[in-house]
Amino acid sequence: MASDRSGISEIAAMTTEIVGGWVRNPNTTIPKDDLIPFIKDVHDTMTGIVKQDIASGLVQRAGSPAPLPEIAPPVRAALPAVTAPAAPSKALAPEAMKSLEGSRAFIPVIAHEGQIVAERVWPTATPAMRKKFMEIMKEHNIPTRSDGTPVPRTVDGQHIADKRMTVVDPIGGGRFKMLRRHIEVSYGMDYPMLLAMFKLSKEQLPHAGPAYSEQKAMQARASGLGKHSKSRDGGARKSPRAKKVAATA
């Protein structure tokens, strides 16, 4: 029984070492909700390897004539510098592999590493802007791409909805005819900051629904706003009131 417990503790130790190495790597991400399934996948993989070794005769169960060999403790190797996210192991379940692509940013957990990654994701942003972006990502659980760039909320993959009448809020996912006021009140951001955070252009994410803007422009033209009539000699035509004042002067 003691040997069985020792084998189990060694598997747990190796599982802890693998998971700890993955989590400490600033270039890998995993959402909080997927952490337990990820640990279970690693533990099941290590257990399967031990069972294969037992079946092949490399090790023996407790109670057999030959005792189980001593299992060397895992070596704590220093993590090498990584410039690109490491590919997840194909031995893991598809669900775990998908989560490791970067559905949720892990970088806010470690302040120093989070600052380094934020500088890489938004190199032209100010420190105050980067801090704001990170706070919003953490508060609203915004998913990220493998390079750490936040993924905007969309409707059917589009930023514009409702027959071009509304714009999709990339943070909360709501639909609005005009976006500026909403993001200022809800997130304390202005429109240029929103574009910078998600690396979008004005054409990709307009501040108002295109059809709504066109509708408002047509209404303004119909009411005469923005029109300046001119006299035949090219000068601006004066209103009757202006003509009366000029005549009495």
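Two residues are in contact when heavy atoms of theirs lie within 4.5 Å. Keep that in mind as you work through this predicted model.

**Exercise 1. Work out what share of the chain's contacts with a separation of 6 or more comes from residues 24 or more positions apart, and list the elements in order.**

Step 1. Take the contacts with a separation of 6 or more: residues 24 or more positions apart account for 58% of them.

Step 2. Now the elements. The chain has nine helices and three strands. Walking from the N terminus, you meet α-α-α-α-α-β-β-β-α-α-α-α.

**Exercise 2. Find the strand order in the sheet, and say which strands stand at its edges.**

Step 1. A reminder: strands of a sheet pair through backbone hydrogen bonds, either parallel or antiparallel.

Step 2. Here the three strands make an open sheet in the order S1-S2-S3, and the pairing is antiparallel.

Step 3. S1 (160-161) and S3 (175-176) each have a single partner strand, so they are the edges, and one side of each is left without a neighbour in the sheet.

Step 4. Zoom in on S2 (residues 166-168): two bridges join it to S3 in the antiparallel sense. Val168 sits opposite Arg175 in S3.

**Exercise 3. Look at Asn141 and Asp162: what is the sign of phi in each, and is each one buried, partly exposed or exposed?**

Step 1. Most residues other than glycine have a negative phi.

Step 2. Asn141 isn't a glycine, yet its phi is positive, about 50°. Asp162 isn't one either, and its phi is positive too, near 55°.

Step 3. Find them in the chain. Asn141 is in the loop between helix H5 (127-139) and S1, while Asp162 is in the loop between S1 and S2.

Step 4. Partly exposed covers the range between under 20% (buried) and over 50% (exposed). Asn141 has 44% relative accessibility, so it counts as partly exposed. Asp162, at 36%, therefore counts as partly exposed as well.

**Exercise 4. Describe the largest nonpolar core and say which helix gives it the largest share.**

Step 1. This core has 24 residues, and Trp122, Ile171, Met189, Leu194 and Met197 touch the most other members.

Step 2. The elements giving two or more residues to this core are helices H4 (111-121), H5, H6 (180-187) and H7 (191-198). H7 gives the largest share, six residues.

Step 3. Try Leu194. Leave out its neighbours within four places in sequence, and its contacts are Pro170, Ile171, Leu179, Ile183, Met189 and Leu205.

Step 4. Another core, of seven residues, lies apart from the largest one; Ile11, Trp22, Phe38 and Val42 are among its members.

Notes
Residues numbered from 1 in each chain as written. Predicted model: local features only at pLDDT ≥ 70, side-chain atom pairs only at ≥ 80, totals over all residues. Heavy atoms only, no water. Pairing = 2+ DSSP bridges. Helix = DSSP H or I, 4+ residues; strand = E, 2+ residues; numbered from the N terminus. Buried < 20%, exposed > 50% of the residue type's maximum accessible area, 1.4 Å probe, protein only. Core = buried A, V, L, I, M, F, W, Y, C linked by side-chain atoms within 4.5 Å.
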